[in-house]
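Me: I am new to this structure and would like a close look at a single part of it. Please choose one that can be followed strand by strand, and then place it beside the other parts.

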Amino acid sequence: MKKYPLTLLLALTTLLFGWASLAQSGIPATVWAWRNQLVLLSGIQLMAVMSTAMLLATRAGWLESRLGGLDQMYRLHKRLGISSGVLLAAHWLIKLSPPLLLALGAEPLMRHGHHAGFSLIGLAREVGSWSAYAMLALVALALLRLVPYGVFRKLHTLFAPLFLLGAFHGAILLPRSFWPTPIGILFALMMLAGSVAAGLVLAGRIGKSRLHRGQVVSVTPLPGELLEVVCQMDAGWPGHRAGQFARVTFDAAEGAHPFTIANGDNAARQLRFIIKRLGDYTGKLANTLQSGHPVQIEGPYGRFLPASKPQRQAWVAGGIGVTPFLAWLDNFARQGSKLDQVDFYYCVQAEPHAVQLAQLRAQCQATGVRLHLLASERGDRLQADMLPVVDSVWFCGPTAFGSALAEGLARRRGKKPSFHAEAFSMR
């Protein structure tokens, strides 16, 4: 389930629906019967996918541990959101298909009379239509990077009430004969779970149990449009593991942004973040942050964690992706660990842009890690065949870079190493 959750979810709902449909009415005999079954199947799959997306939005710890970290959860959440849009469009188009089917020669469908006045079925259909328009618009907006993050964050919460409207639509229109079947039971459980998750979102309860306060201690500009921010946390901070990140709020109006914790020391409750200027918000931090500025930190999150005794590994960092490895090295240096079978490839635009290079070299020397600094301005380009034969590769950096490296390693002859990449994109 961890590797192909969306595929398995769609396959499971298709099999259970097919079983229930065949048991009740056999193979559809007319085009209208096929249309009706496709409407039901696409609706059930849509609610299953949306329910799963709502569950992931709760950032629950038990889900994070099973899916490999919050970054992986958010990547799956995005895929589920896109799939919801596709399934919703398909469900909607199938519902609107009668004129097309008639034009293609299908026999006209005999309609029974309907009762005038209010009915739950009529209300459910009306709610479904309007919520479908709104949902498709939100999916499109979520995929547009031109929409500012602050606007995106606020609009994203509207998925919760739209899910509840969709759940009402589905619960009323699912045929009664389906409820006692396995697909009906699964449908009910997923709608219930999704509705609880939507309620938590609307009540503003997501992440509250992992929210901690502190204040900024120091703000230091670094080369390469980087900023080092050190925060002193209050006594309630639970500590973190090297390689984890947190959702950091410096400005309540802007909301939380994810940043990797670049140090591994829990004793002093001080957290160090290396932040790269990637947009308007992060670009203004150098001018708006100062010592004493309050901060809210939600977390820690993430499962980009090293083994206690790494063997035959390659670490690859691209630009700001060096931050989890800084925490790893800091942690191993404190423990006095020796990592003489680890090669660390740090890719930067220019050598002066490398984060605290003197300290990094000292920690690599202390731990036995072999550091390879590659600067693109002098023509350095990391290729898969440059890596030694290792058991695993740990990567943090631009997505396209990581994908190309993983594909190159897959094509290389010999044993294919396991490839671990942090999907550090929360949108």
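Reply: What follows goes through one open sheet of six strands, and then sets other parts of the model beside it. The model is predicted, and that holds for everything said here.

The order of the strands in the sheet is β4-β3-β6-β1-β2-β5, and their pairing is antiparallel. Two strands stand at the edges: β4, residues 257-260, and β5, residues 270-276. Each of these has a single partner strand, so one side of each is left without a neighbour in the sheet. Direction ignored, neighbouring strands here are turned against each other by 40° on average.

Within this sheet, β2 is a good place to stop. Strand β2 covers residues 226-233 and pairs with β1, residues 211-222, in the antiparallel sense over eight bridges. One pair in this ladder is Val 216 with Cys 231, the latter in β2. Another is Thr 220, which stands opposite Glu 228 in β2. The two strands form a hairpin with three residues between them. In that hairpin Gly 224 takes a positive phi, near 75°.

On its other pairing, β2 meets β5, again in the antiparallel sense, over seven bridges. There Leu 227 stands opposite Ile 275 of β5. Is β2 enclosed by the rest of the structure or left open? Seven of its eight residues are buried, so β2 is largely enclosed. In a regular strand, side chains alternate between the two faces of the sheet. A helix also lies against this sheet: α10, residues 280-288, lies across β2, β4 and β5. The direction of α10 is at about 120° to that of β5. Helix α10 therefore lies across both edge strands, β4 and β5, as well as β2.

A second open sheet can be set beside the one just described. Five strands make up this sheet, in the order β9-β8-β7-β10-β11, and the pairing is parallel. At its edges are β9 and β11, the latter being residues 418-421, and each pairs on one side only. From one strand to the next the twist averages 15°.

Two of its pairings can be followed in detail. Strand β8, residues 342-348, pairs with β9, residues 370-375, in the parallel sense over six bridges. Tyr 346 has Leu 373 of β9 as its bridge partner. Together with helix α12, residues 357-367, strands β8 and β9 make a right-handed β-α-β unit. Strand β10, residues 392-396, pairs with β11 in the parallel sense over four bridges. Here Phe 395 has Ala 421 of β11 as its bridge partner. Helix α11, residues 323-335, lies across β7 (313-318), β8 and β10, and runs at about 135° to β7.

The helices earlier in the chain form the last part of the picture. Helix α9, residues 182-202, has 21 residues and reaches 30 Å from its first C-alpha to its last, close to the 30 Å expected. Its buried residues include Ile 183, Leu 186, Phe 187, Met 190 and Ala 197. The buried residues cover an arc of only 155° around the axis, which puts them on the same side of α9. On the other side, Leu 189 and Leu 192 are exposed. Among the elements that cover the buried residues of α9 are α1 (5-25), α2 (31-56) and α8 (159-173). After α9 comes Gly 204, which has a positive phi near 70°.

Helix α6, residues 120-143, has 24 residues and spans 34 Å, close to the 34 Å expected. Among its buried residues are Val 127, Met 135 and Leu 138. The cover over the buried residues of α6 includes α2, α4 (70-95), α7 (149-156) and α8. Thus α2 and α8 are named in the cover of α9 and in that of α6.

One loop residue can be added. Ala 29 lies in the loop between α1 and α2. With a relative accessibility of 76%, Ala 29 counts as exposed. Between Ala 29 and Gln 296 there are 60 Å in space, C-alpha to C-alpha, and the two are 267 residues apart in sequence.

How values were computed. Residues are numbered from 1 along each chain as its sequence is written. This is a predicted model: local features need pLDDT of at least 70, side-chain atom pairs count only at pLDDT 80 or more; totals for chains, interfaces and linings use all residues. Side-chain values use heavy atoms; hydrogens and water are left out. Two strands pair if DSSP finds at least two bridges between them. Axes are lines fitted to C-alpha atoms, for helices over the stretch in contact, and angles run from 0 to 180 degrees between N-to-C directions. Contact means heavy atoms within 4.5 Å. A crossover is right-handed if, with the strands pointing away from the viewer, the path from the first strand over the helix to the second runs clockwise. The expected span of a helix is 1.5 Å times one less than its number of residues. Buried means under 20% relative accessible area, exposed over 50%, partly exposed in between (1.4 Å probe, protein chains only). The arc is that of the directions from the helix axis to the C-beta atoms.
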